[in-house]
Amino acid sequence: MSTGVVDAVLPSAELHLHLEGTLEPSTIFELAERNRVRLPYADVDELAARYDFADLQSFLDLYYANMATLRTAQDFADMTDAYLARAAVAGVVHAEVFVDPQAHTARGVALEEVLDGVGSALAAAPSVYGITTGLIPCVLRDRSAADAMTMLDGVLRSGVPVLGLGLDSAEVGNPPSVFRDVFDRAGAEGLHRVAHAGEEGPPAYVWEALDLLGAERIDHGVRSLEDDELVARLVRQRTPLTVCPLSNVRLRVIDDLADHPLPEMIRRGLVVTVNSDDPAYFGGYLDDNMTALRAACDIDDAAAELLARNSVEASFLDGDRKRELL
Ligand code: ADE
Ligand code: ZN
């Protein structure tokens with residue numbers, strides 16, 4: 001439990017953040033007006049009333065639907081800039097952020113609009129917000145491996161700096177193994193590799209992400225605790241898990257924040273970090289996640305400092321910048 005003395009923001013890296021999940025309801029309405037997109041909700045309140053999710057898929061349905069308001073590079077740049085401004089307030093000094101290119105190209109938005117817009121805002125972040133950044137496009141695992149390879153090709157050809165490749169969207173029934181060739185290609189091109197696994201899916205998907213995709217970090221990974229051998233491996237290799245407490249509650253992965261396994265994950269020696277996932281949908285940004293977690297769970301000041309240090313260690317920053325931040 002927090003002592004209440006230090007709920008101050010600690011300089012942290014945010015490593016699990018979907019840019020499209022930062023679209024606030026008011027922004028969705030502004031973009032809809034800008035781009036003359038008709039929304040199936042009368043107003044912000046009616047939209048916000050739909051943020052009561054039964055599971056990951058029910059969230060994804062709304063998340064993808066709201067992306068219809070994003071059309072131009074300027075829209076993507078504005079969305080990214082708004083996140084960075086809010087992240088700076090949350091104490092984020094480095095952000096490795098996800099984007100879902102296939103969700104945009106599938107509805108007729110050119111890949112360049114996505115990458116140029118996001119890329120320009122990220123490039124300005126060090127001077128504007130004092131935040132260093134990296135971009136991680138994600139493979140949508142509920143689409144084909146061929147579609148994923150086309151996306152990766154386009155990203156590599158774009159010339160926009162990219163830090164790594166991720167894997168997200170509907171997990172159950174879409175195992176990492178399907179995307180082995182795509183992640184092999186990403187590795188051969190020198191990209192880092194991360195994957196959502198063990199959010200709703202079983203520990204077997206975490207094993208696959210490690211063994212078949214070469215994942216260097218596991219996004220979520222909370223279900224790893226069901227497999228002692230897997231926990232031992234993650235601890236031994238110091239493979240970071242990017243945990244998202246408010247997301248887990250809102251998507252009913254965990255019933256109650258007070259029962260969140262993060263304190264147990266720390267006790268078992270896992271390298272865990274706290275992140276906000278889709279903050280506009282799940283009730284808050286990185287600082288909100290930390291505040292809620294500390295109010296509900298046994299996270300003292302030393303554990304909060306460990307989480308902040310883990311986030312820097314788990315980042316793909318080079319050694320010099322890491323040492324500067326640690
Ligand atoms: N895409 C955006 N948020 C996600 C999540 N929590 N899990 C899987 N895919 C996602
Ligand atoms: Zn996520």
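Start with helix 6 and helix 7 in this predicted model: their axes come within 11 Å and cross at roughly 50°. That angle falls outside the roughly parallel range, which stops under 35 degrees, and short of the roughly perpendicular one, which begins at 65, so helix 6 and helix 7 are oblique to each other. Turn the view until you look through one helix at the other, and you'll see that helix 6 passes helix 7 in a right-handed crossing.

Now pick out the side of helix 6 that does the touching: Leu 111, Glu 112 and Leu 115. Their partners in helix 7 are Gly 154, Val 155 and Ser 158. Colour this contact by residue class and you get three nonpolar, two polar and one charged.

Keep helix 7 (residues 145-158) on screen and add helix 8 (residues 180-188). Here the axes come within 9 Å and the crossing angle is roughly 20°. Since angles under 35 degrees count as roughly parallel, helix 7 is roughly parallel to helix 8. The crossing of helix 7 past helix 8 is right-handed.

For the contact itself, select Ala 145, Ala 148, Met 149 and Leu 152 on helix 7, then Asp 181, Val 182, Arg 185 and Ala 186 on helix 8. The tally for this pair is six nonpolar, no polar and two charged.

Next stop, the inside. Which residues touch the most other members of the largest nonpolar core? Select Val 118, Val 139 and Ala 209, and you have them, out of 89 residues in that core. Helix 6 (residues 111-129) gives the most to this core, with eight residues.

Zoom in on Val 118 and show what surrounds it. Leaving aside residues up to four places away in sequence, Val 118 touches Leu 19, Phe 76, Thr 80, Val 99 and Leu 135.

Last, two backbone oddities. Go to the loop between helix 1 (25-34) and helix 2 (44-48) and click on Arg 36. Its phi is near 55°, a positive value in a residue other than glycine. Is Arg 36 buried or exposed? Arg 36 has 7 C-beta neighbours inside 10 Å, so it counts as exposed, the cut-off being 12 or fewer.

Then jump to His 220, in strand 6 (residues 217-220). The phi of His 220 is also positive, near 80°, and this residue isn't glycine either. The surroundings tell another story: with 28 C-beta neighbours inside 10 Å, His 220 counts as buried, because 20 or more is enough for that label.

Note on methods: Residues numbered from 1 in each chain as written. Chains lettered and ligands numbered in written order. Predicted model: local features only at pLDDT ≥ 70, side-chain atom pairs only at ≥ 80, totals over all residues. Core = buried A, V, L, I, M, F, W, Y, C linked by C-beta atoms within 7 Å. Helix = DSSP H or I, 4+ residues; strand = E, 2+ residues; numbered from the N terminus. Contact = placed C-beta atoms within 7 Å. Axes fitted to C-alpha atoms, helices over the stretch in contact; angles between N-to-C directions. Parallel < 35°, antiparallel > 145°, perpendicular 65-115°, else oblique. Left-handed = near helix turned anticlockwise from the far one by under 90°. Nonpolar A, V, L, I, M, F, W, Y, C, P; charged D, E, K, R; others polar.
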